[in-house]
Amino acid sequence: MSQDIPLASGGVGSSTPRLESHAKVTGKAEYIHNLRLPGMLHGKIFRSSVAHGRILGIDTRAAQAVPGVHAVVTGEDVLRVIPDPYYGPAFHDQPILALGKVRYIGEPVAVVLAADPHVAEEAAALIEAEYEELPAVFDEIEATNSEAIVHEELRPAGTFPDLKHLKGRKNTNIGLDFRLRRGDVESAFARAEHVFEHRFRVQPVMHVPLEPFVSAAEPGDRCLTIHSATQMPSFVRIEIARLLGWPDSQVRVKSALLGGGFGAKVYIKLEALVAALALIAQRPVKISLRMEEQFYTITNHAATVRIKSGVNAAGKITARHCEVWWNGGAYADIGPRITQKSGFTAAGPYDIEHVHIDSYAMYTNLPPAGAMRGFGVPQLVWAYESHTDMIARALGMDPLEFRMRNILRDGREHATGTVMRDTPIDRVLAQLAERMRRQGPLDRGQGSVRRGRGIAVGIKASISPTTSMAMVTVAADGSASVFSNTVDMGQGSDTAMAQIVAQALGIPVSMVRTVRPDTAVVPYDMGTLGSRSTFHMGHALRAAAEDARRQLDAMKAEVGLAPDAAIPIGGLFLRRFGMRGAGNVTGTGTYTPRYAPVDPETGLSPDITPYWMTGAAGAEVEVDTETGHVTVTRLVNVADAGRAINPRIVDSQLSGASIMQLGATLYEHMQFAQGELTNGALAYYKIPGMHDIPASIESGLVEAEQHSGPFGAKGVGESASFGVSPAIANAIEDAIGVRLTELPLTPEVVYRALRAKDGRALTEE
Amino acid sequence: MGPDGDVIAFKLNGKEVTARVAPHHTLVEVLRNEFGLFGARESCGQGLCGCCTVLVDGQAVSGCLYLGALVAGAEVGTVESLARDGELSCVQQAFVECGAFQCGFCTPGFVMMASQLLERNPDPDEGEIRDYLAGNLCRCATYPQVVEAVRCAASRQRESAIHSIHFKTDKEEDKHHA
């Protein structure tokens, strides 16, 4: 219906400025960071200093004695308000404050509450804890057979059916062992002309949202309101209600604009802690983490990937076996989902007959790892696109041609058995190649300056099973309000959603307002993650807007107008209700995509995802062979965006994701010494700044309509993170003939590899 | 100064104000807690990200490290002073049009520094823009769009400066004729 409506002003396809633009440039944008509540206490966290140990005692006396301290709270105190204080989306494994054991350095052990945050901080520094240290394990491979066992017993949350078989399992650090079996790789390897096997590693990095984690809880009369910089208001509500044993309706979760999320602010972070503290103190409690503390809260997954491929004489990949070990840290968070959901894409965007994948979620004594932009896919693309290039080189084939020969095309089955649709991987790759060629032949440099080019492409499945619900109200003046729990953390969802609603209602986008996420008034949504919102919430909102339109049409009939009668909405309401401004219509919409669960034995499913995302990157690098310093001089990103709702915002999502991944490729690295983070602050943990942006950076879109998407759209927030790391490593090999298999690609790593290639390897010292 | 601090007087966004400031309170805390100004915000806490950028006597400082008490008698400018009567400054307008922000948390700092850059150098080249904004971090990495916005603001400011010079010259000529 609404596709016939002419382009609404600022509607779908228009690069209308973000709706909250004015607030953001004037400093008036609302973040939870700014929140102050009457009578509010500030909480400051005392953290574990051992990686694995039994808590023998916590001495809080000195902290209690500090004037102005309201209370000092430990895990034992939490039991008074929450008898089973373990949370998590996959496993109920994470205590609100450590109980009995600590499992990583930086784990919250106690909290000081005070009206003055400086007092709380000073007092927290006076707490002393005594531990009996236990053996600890930090490496994801060592964790498979370590004497250090992070959790005595596994406690699946019951949310995901594929974790049920792990219930009660003891003496293991394996939080999920996902397997995919398609065909028979072993006999295919035996028949193959060439077999290649390589191993890759990805380092731990952190999201570093510039608004550090912040949550507040406000106790009320038989209710609790949580204000949180969260990407998942609905999940927070359900999980806090579960912990408290309360009806969901007694927990209200409100969010605001987020100062960055990137996957850090999903599921439970500080919310369970502030909920417990507010109930203990019977006062509002806010915890604002310092930048340093973010590094103890959540990280990406460091990972080891082993990948083996068989290739026939024609340059066709016939078999691939991928083994992936995900370093999940001390608490599972959403790691098992990454292990499965990204795990099944580990063989890459290639058409391969025989595929085996083994993907393991590992517990270690490091800070918990969870979702981060790309949800594990950048780690996998790093491995399979480095591997792909290495094969092409070994075969003496052009890397583009080798990829094109093996690429997965629409109508063919992905390794999972799901048939590819609206996924133009070949066109994304072709556009990338075309853009790379435009620059003409590369000046390969001379002397100590060498240049090279590299490309890479990756795919990601969207989320399923999942549901978004939404509501659209149209007021008597024809303006509309959007009730959506999608959280705008910078990706521009408020604007995109308003554009979708404006388009569906046929009104200018300036007449649309988005109501901030609030579980008391806004319907359920799974969460703002995995680039799902444009597609899933977009569908729900379009349905809600169309429902509202139908009601407006019905209103026409009620007042005796023909369905096509041209009457302004304001005039229609006036005729219906007889009073200026009276009345409104409320449209609702729900979207749940089709999904077929994976077979537990084979990991196969005929309908694994509602859509695929494709992202490719091309890099030109300049390597200084005397220092190992790599400069990315040109970075090209091409992604499939379906139909872009707001092309300018899509473009900045692509450049932004690629630059973020550039940091993780070249220097970002959380460095641990026996589990102790040694660089958890921006002074030591460098993220990309103005000078790190390639001199030339460009983005291209393949606008292939996603036929199942709202107005043909699909998610795009992660796509440009996929290919950056391997494209740069491939370019480095092109420039200097050395292959790097571990991230990040620091000057030291590059220089050591160069020396080793020349037979002059440097010693570790 | 006692532990609760002293009352200090300073000029905030053009207005004379007073506040009781404890010796350990940072300028960002003073702006938030005493004046409800949230545009300058603490992020890294180390003076490295630029989210807390505030002008003190015309000089950009890191408000998360700068002690509040030190602004006694000084002139303090925050991002909230840039828009006049709801009308965005040229730099702010360019940031909006070029889509030079995503989450917006770092934006006030970028807007402050970009404004100061254009005051000192009305025609910066790309290298100068990057140099000047090297102390501001944007985790959404909206850097290419920020550079574009600063160039756009610079060219508009130069045009309007030329325009106002012409205007002035015309007027002076009128006076001369009169």
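Angles between helices and strands are taken between their N-to-C directions and run from 0 to 180 degrees, with axes fitted as lines to C-alpha atoms. Keep that in mind for the views below, which come from a predicted model.

**View 1. Helix α10 of chain A lies across two strands, β10 and β15 of chain A.** This helix covers residues 377-395. Follow its direction and compare it with that of β10(A): the angle is about 145°.

**View 2. Here is the open sheet of chain A, built from five strands.** Reading across the sheet, the order is β9-β17-β16-β15-β10, and the pairing is mixed. Which strands sit at the edges? They are β9 (174-182) and β10 (194-202) of chain A, each of which pairs on one side only. From one strand to the next, the twist averages 5°.

**View 3. Now look at how β10(A) meets its partner β15(A).** The two strands run antiparallel and are joined by nine bridges; β15 spans residues 302-311 of chain A. One pair to find is R201(A), which stands opposite T304(A) in β15(A).

**View 4. Another helix, α9 of chain A, packs on the sheet.** Made of residues 335-342, α9(A) touches β9, β16 (317-327) and β17 (354-362) of chain A. Its direction makes about 10° with that of β9(A).

**View 5. Finally, meet the place where chain B touches chain A.** Here, 40 residues of chain B are in contact with 42 residues of chain A. On the chain B side, α2 (90-97), α3 (107-120) and α5 (143-177) each give two or more residues. The largest share, four residues, comes from α2(B). Sorted by class, this side of chain B has 23 nonpolar, 12 polar and five charged residues.

Technical notes:
Residues are numbered from 1 along each chain as its sequence is written. Chains are lettered from A and ligands numbered from 1 in the order in which they are written. This is a predicted model: local features need pLDDT of at least 70, side-chain atom pairs count only at pLDDT 80 or more; totals for chains, interfaces and linings use all residues. Two strands pair if DSSP finds at least two bridges between them. Two residues are in contact if their C-beta atoms, placed from the backbone, lie within 7 Å. Ala, Val, Leu, Ile, Met, Phe, Trp, Tyr, Cys and Pro count as nonpolar, Asp, Glu, Lys and Arg as charged, and the others, Gly among them, as polar.
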